[in-house]
Amino acid sequence: MAFSFLTQELAIDLGTANTVIFMNDKKVIDEPSIVAIDIPTGKPIAVGSAAKLMHGKTNPSIKTVRPLKDGVIADFDAAEIMIREFIKMINYRKSFFSPSLKMVVCIPKGSTEVEIRAVRDSSEHAGGRDVYLIFEPMAAALGIGLDVQAPSGNMVVDIGGGTTEIAVISLGGIVADESIRSAGDVFTYEIQQYMRQQHNVKIGEITAEDIKIKIGSALGQLDEAPDPYVVRGQNFVTAHPIEAEVTYQEIAHCLDKSIAKIETSVLSVLEKTPPELYSDIVNKGIFLTGGGALLRGLDQRLTKKINIPFHVSEDPLRAVARGTCIALKNSSKFKFLLR
C-alpha cells in the first residue's frame, strides 16, 4: 500500500490491571492501567508505572485513577487520557509525526452494548481513526496458538484483573461462555481483608498485590513452598506499627471461595458444551491464560476438581495482547472476529 507508512497499527489489550500494546509485532507498552491527574487542571501528571508509584501516596491536588473496573471502562475521561498518553509514549520512542491510527482493542465477552461503546469512543477520542474490537477469550486463544477456525472444540479460561473469561471456541465462534467478576482484583481485595481480620494489619492495594505475586497459592500444600511473607503495616486497632508473617497456606485459604466460583463457572460452561466439542476438550485439555493463571497450584486444583487436564499457557500475561496483534496483522483473514 503506497501510503501505509501514514497509518500506525496498534493492538491494545486494555486490561483492568495492565495495558499491553503491540505495534508491528513488537511489544511497545506493558504498563499498569493507571493514570495520575492534576485535579485543578485535569491534566495528566504520570501514567503507567510512574502513576502506580503515586497510588495511595497522593496529596489533595493529585488523584490516581484506574479507569477500568471489572474489565470495562468505569471512568471514560481517565481512560481516554490514559490511552492518549500511552500512544504519545510510542510516538516519542518511534519519532512518528501524527500518523493515522488503526486499532484493535480487546473487550470482555460479557460486555454490554454501552460498555462496548465506551471502549470504542475512548479509543476514537484518543486518536484512533479505525477502531475494531475483539472478544478477550478469542484473542487469548489466538495468542496461545490455537486454531480457532478449525471444526474442533478449544476451551480457554482467561483470568485477568477484572474478569475471568471462560469460553468454548469452534469454527471461529464462541459456542458457550461465561464472564465472572472473580479475578485478580478480587484476589487482591480478599488478601487485604484477610490481613485486616486475621492479623489486625491495615495494608494497601500495592502490598496486597505483592503478597499475591510472592506467595499466592490455590493449594494448601505445594511441592515448592515459598517463604512466608513479612508484612509491615499499621495495627488496625491501635494505629501502632506492626509486623506480621503470612504463609502461602493462609493465602490459599483466603482465596478459596473466589477460586471455587471459577470452578463452578467452568463446570457451567462445560454443561452448555455440545457433546462432540466436549470430547475434543477432554482430549486437548483446557488452557489457562491471564495473570491469574500464574497463581501457584491453580492448574493442579482445577484439574483435580474438573477431571480434565488444565494447561498454563506460555507467557499467559500477554496471551490476549499477542492474539489481538495476530487479529490486527491478519485482519482480512480474521475480519469475522472483529466488530
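**Entry 1: α8 against α10**

I started with helix α8 (residues 256-271) and helix α10 (residues 298-306), which pack at an angle of about 50° with their axes 11 Å apart. This is a predicted model, so I read everything here as computed. Angles from 35 up to 65 degrees fall outside the parallel and perpendicular classes, and α8 and α10 are therefore oblique to each other. I also looked up the handedness: α8 passes α10 in a right-handed crossing. On the α8 side I noted Asp256, Ile259, Ala260, Glu263, Val266, Leu267 and Leu270 in the contact, and on the α10 side Leu298, Arg301, Leu302, Lys305 and Ile306. Sorted by class, this contact of α8 with α10 holds 8 nonpolar and 4 charged residues, and no polar ones.

**Entry 2: α8 against α5**

Next I checked how α8 sits on α5. The angle is about 155° and the axes are 9 Å apart. Anything over 145 counts as roughly antiparallel, so that is how α5 and α8 run relative to each other. I listed Val186, Phe187 and Glu190 from α5, meeting Ser258, Ile259 and Ile262 from α8. My tally for the contact of α5 with α8 is 4 nonpolar, 1 polar and 1 charged. Ile259 had already turned up in my list for α8 with α10, and here Ile259 is in the contact with α5.

**Entry 3: the largest pocket**

α5 came up again when I turned to the largest pocket. How many residues does α5 give to its lining? I got 7, the most of any contributor. At least two residues each also come from β1 (7-14), β2 (18-23), β3 (26-32), β7 (68-69), β11 (154-159) and α6 (205-215). The pocket holds about 1200 Å³ of space, and 48 residues line it. Nearest its centre I found Ala17, Asn18, Gly161, Asp185 and Lys212. The lining splits into 17 nonpolar, 16 polar and 15 charged residues.

**Entry 4: α4 against α11**

Last, I looked at helix α4 (residues 136-143) and helix α11 (residues 319-329). What is the angle between them? I have about 85°, with axes 6 Å apart. That lies in the 65 to 115 range, so α4 and α11 are roughly perpendicular to each other. α4 brings Glu136, Ala139, Ala140, Leu142 and Gly143 to the contact, while α11 brings Ala319, Val320, Arg322, Gly323, Thr324, Ile326 and Ala327. By class I wrote down 7 nonpolar, 3 polar and 2 charged residues for α4 with α11.

Definitions and conventions: Residues are numbered from 1 along each chain as its sequence is written. This is a predicted model: local features need pLDDT of at least 70, side-chain atom pairs count only at pLDDT 80 or more; totals for chains, interfaces and linings use all residues. Side-chain values use heavy atoms; hydrogens and water are left out. Axes are lines fitted to C-alpha atoms, for helices over the stretch in contact, and angles run from 0 to 180 degrees between N-to-C directions. Helices (H or I, at least four residues) and strands (E, at least two) are DSSP runs, numbered from the N terminus. A crossing is left-handed if the near helix is turned anticlockwise from the far one by less than a right angle, and right-handed if clockwise. Contact means heavy atoms within 4.5 Å. Ala, Val, Leu, Ile, Met, Phe, Trp, Tyr, Cys and Pro count as nonpolar, Asp, Glu, Lys and Arg as charged, and the others, Gly among them, as polar. On a 1 Å grid over the protein atoms alone, a cavity is a set of points where a 1.4 Å probe fits but cannot get out, and a pocket is an open set with protein on both sides within 12 Å along at least five of seven lines; lining residues have an atom within 4 Å of a point. Grid points are joined across faces, edges and corners, and a volume is the space filled by probe spheres set on the points.
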